[in-house]
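Take a look at the chain below. This report walks through its packing, its charged pairs and its rings.

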Amino acid sequence: MPGLKRSNVIIIHPDLGIGGAERLIIDVALALQNRGHKVTIYTSHRDKSHCFEEARDGTLDVKVRGNTIFPAHVFRRFHVLMAILRQLHLTISVLGETSRTSDTNEKSKESEVLEDDIFIVDQVPACVPFLKTFARQRQRILFYCHFPDQLLAFRGEAGSLLSFVKTLYRYPFDWFEGWAMSASDKVVANSRFTRGVVKEVFGGEKLGDVSVVYPCVDTEAAALRDPVVVKDGETLWGGKKILLSINRFERKKDMALAIRAYHGLGAEKRRGTRLVIAGGYDNRVQENVQYHRELDELATSLGLQTATSKTVISALSVPDSIDVLFLLSVPSAFRDMLLEHAKLLLYTPINEHFGIVPVEAMRAGIPVLASNTGGPLETIVEGETGWLRNAKKDADWTAVMDKVLYGMDQKEFDRMSIAAKERVEREFSLTAMGDRLEAEISDMLARERRPFAGLQQILVLLALSGVMLSLLAAFALKMI
């Protein structure tokens with residue numbers, strides 16, 4: 001298939017924080033920008049102190065819009081409604097700015113006119129019907145599905161009445177998610193596992209052929225980052241054998257499994273080792289704060305000594321007696337260094353949609369121990385690049401830890417390291433992702449726009465939204 005002509009790519013993403021979804025959309029932008037396309041990311045929120053480097057250092061063109069009317073939540077409730085309203089507010093800015101840019105290009109003879117306008121939307125599909133209705137005929141919309149939001153929503157409210165109310169509240173949003181996604185010209189998923197779930201939830205006919213575009217890691221980026229305090233040839237924490245877990249501090253990530261399995265090694269085999277739990281942490285997110293506290297209390301209750309660090313300097317100076325070290329939102333360069341020094345990566349989530357962290361570990365040549373469910377089944381090769389084990393059996397995880405720490409010689413470790421790096425370069429590199437993205441976009445452009453009689457439905461939705469907002473406002477006033 002011939003290469004995609006230079007295009008104007010507009011990416012719409014709700015919040016450019018630090019997480020797997022954010023890393024993926026940054027890599028989508030980099031993969032396309034590296035191939036000569038003009039890429040702009042529009043987002044409703046970006047905290048320059050809490051985002052990936054490329055989103056703040058000028059590598060990517062990031063524009064923050066649609067953040068002046070609607071808050072992220074109301075009394076810690078109505079997150080999904082606010083997310084939709086914030087994205088629609090953002091979309092108004094996007095349509096206005098892209099329209100002015102297109103008019104300018106058409107009038108300018110000196111400027112290079114870009115071949116096509118491509119919208120890439122992820123996480124929240126609310127804007128897709130509006131883009132489809134009001135965008136120009138030559139524009140196309142690709143929706144990158146990480147996982148259906150309705151399956152991520154927490155519904156276990158205390159009490160049957162509240163649970164019933166939550167179900168009623170979520171129902172129109174669950175329907176709206178599938179309807180809005182179907183307005184896109186093409187849907188791609190981040191793994192075969194996610195594709196299967198998407199088809200089951202929304203129906204294959206509604207969304208058409210759903211392709212898979214794997215997330216990636218930049219196999220060259222690590223070498224370009226600023227060096228960290230520990231120099232080449234020096235050891236980290238006096239040469240301790242490091243078992244590493246990287247994830248956001250969320251209960252569904254189940255980092256408690258890593259702590260329990262590590263404790264299962266026993267005091268003698270833990271000597272000279274350290275479990276490091278690092279990951280995304282945001283003080284604004286109550287679950288992050290609470291779960292970190294719960295993990296610390298769990299480790300302490302098992303007789304493990306713990307410490308928490310928020311900076312590289314404090315992390316490097318923790319006492320030798322610390323068994324479990326929690327690192328909150330560490331810089332990418334320090335995280336890369338942790339991967340280079342680790343003996344094993346522990347990836348604990350069950351049914352993870354894809355899971356970019358195992359791929360990052362394999363890029364560094366580190367074997368991975370992960371749950372035998374979801375995305376890791378597609379990234380990890382049993383016995384070649386890591387191990388897949390039942391996340392409900394702590395002893396099985398302890399056994400693999402024991403094997404890596406005391407049952408593998410350097411020759412076997414080097415063999416797995418080489419196999420892991422080769423697999424990443426072949427299947428999950430920035431180049432591989434760029435190839436797949438361009439192929440999917442080219443296929444989308446070669447087809448007619450997917451039909452969507454959206455204007456009348458949008459007007460009805462706006463009317464219903466007005467009624468819902470009035471009811472919510474009345475409810476909120478009673479709660480005050």
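Helices here are DSSP runs of H or I with at least four residues, numbered from the N terminus. The model is a predicted one. By that numbering, α14 is the helix of residues 356-363. Just after α14 comes Gly 365, and its phi is positive, near 80 degrees.

**A covered helix**

How many residues of helix α14 are buried? Eight of its eight residues are, so the helix is mostly covered, where buried means under 20% relative accessible area. The buried set runs through Ile 356, Val 357, Pro 358, Val 359, Glu 360, Ala 361, Met 362 and Arg 363. Charged residues are on that list too, including Glu 360 and Arg 363. What do these buried residues pack against? Their partners are strands β8 (241-246), β12 (342-347) and β13 (368-371), together with helices α13 (332-341), α15 (376-379) and α17 (410-427).

**Two cores**

The largest nonpolar core holds 72 residues. Leu 243, Leu 244, Leu 275, Leu 327, Leu 344 and Leu 345 have the most contacts inside this core. Which helix gives the most to the core? That is α9 (residues 256-263), with six residues.

Now zoom in on Leu 243. Set aside its neighbours within four places in sequence. Leu 243 is then in contact with Tyr 262, Leu 265, Arg 274, Leu 275, Val 276, Leu 344, Leu 346, Met 401 and Leu 405. Two of these partners, Leu 275 and Leu 344, also appear among the residues with the most contacts in the core.

There is a second, separate core of 31 residues. Its members include Ala 55, Leu 60, Cys 216 and Leu 430.

**A buried threonine**

Thr 40 sits in strand β2 (residues 38-45). Is Thr 40 buried or exposed? Its relative accessible area is 4%, so Thr 40 is buried. Beyond neighbours within four places in sequence, Thr 40 is in contact with Val 9, Ile 10, Ile 11, Asp 61 and Lys 63.

**Charged pairs**

Side chains of opposite charge can pair when their charged atoms come close. The structure holds 28 salt bridges. The table lists three of them.

| Acidic residue | Basic residue | N to O distance |
|---|---|---|
| Asp 320 | Lys 240 | 3.5 Å |
| Glu 287 | Arg 251 | 3.8 Å |
| Glu 427 | Arg 426 | 3.8 Å |

Start with the bridge between Asp 320 and Lys 240. This pair links distant parts of the chain, 80 residues apart. Asp 320 is in the loop between α12 (312-316) and β11 (324-328). Lys 240 is in the loop between α8 (221-224) and β8. Their surroundings differ: Asp 320 counts as exposed, at 58% relative accessibility, whereas Lys 240 counts as buried, at 12%.

Next, take the bridge between Glu 287 and Arg 251. Glu 287 lies in helix α11 (residues 286-301) and Arg 251 in the loop between β8 and α9, so the pair ties together parts 36 residues apart in sequence. Glu 287 is partly exposed, with a relative accessible area of 27%. Arg 251 is partly exposed as well, at 34%.

In the third pair, Glu 427 counts as partly exposed, at 24% relative accessibility. Salt bridges can also form networks. One such network links Lys 186, Glu 440, Asp 443 and Arg 447.

**Aromatic rings**

A pair of aromatic rings is described by the distance of the centres and the angle of the planes. The whole structure has seven aromatic pairs. Why is the pair of Phe 147 and Phe 193 stacked? Their planes are at 15 degrees, with centres 6.1 Å apart, so the pair counts as stacked. Phe 147 is in the loop between β5 (140-145) and α4 (149-152), and Phe 193 is in helix α6 (residues 192-202), so parts 46 residues apart in sequence are tied together. Phe 147 is buried, at 13% relative accessibility. Phe 193 is partly exposed, at 23%.

Phe 249 and Tyr 281 have centres 5.9 Å apart and planes at 85 degrees, so this pair is edge-to-face. Phe 249 is buried, with a relative accessible area of 0%, and Tyr 281 is buried, with 11%.

Ring pairs also join Trp 175, Phe 176 and Trp 179 into a cluster.

**Charges over rings**

Some rings have a charge over the face. Arg 274 lies over Trp 237, at 5.2 Å from the ring centre. Lys 343 has its charged end over the ring of Phe 413, 4.9 Å from the centre.

How values were computed. Residues numbered from 1 in each chain as written. Predicted model: local features only at pLDDT ≥ 70, side-chain atom pairs only at ≥ 80, totals over all residues. Heavy atoms only, no water. Core = buried A, V, L, I, M, F, W, Y, C linked by side-chain atoms within 4.5 Å. Buried < 20%, exposed > 50% of the residue type's maximum accessible area, 1.4 Å probe, protein only. Helix = DSSP H or I, 4+ residues; strand = E, 2+ residues; numbered from the N terminus. Contact = heavy atoms within 4.5 Å. Salt bridge = Lys/Arg side-chain N within 4 Å of Asp/Glu carboxyl O. Phe/Tyr/Trp six-rings, centres within 6.5 Å; stacked < 30°, edge-to-face > 60°. Lys NZ or Arg CZ within 6 Å of the ring centre and 35° of its normal.
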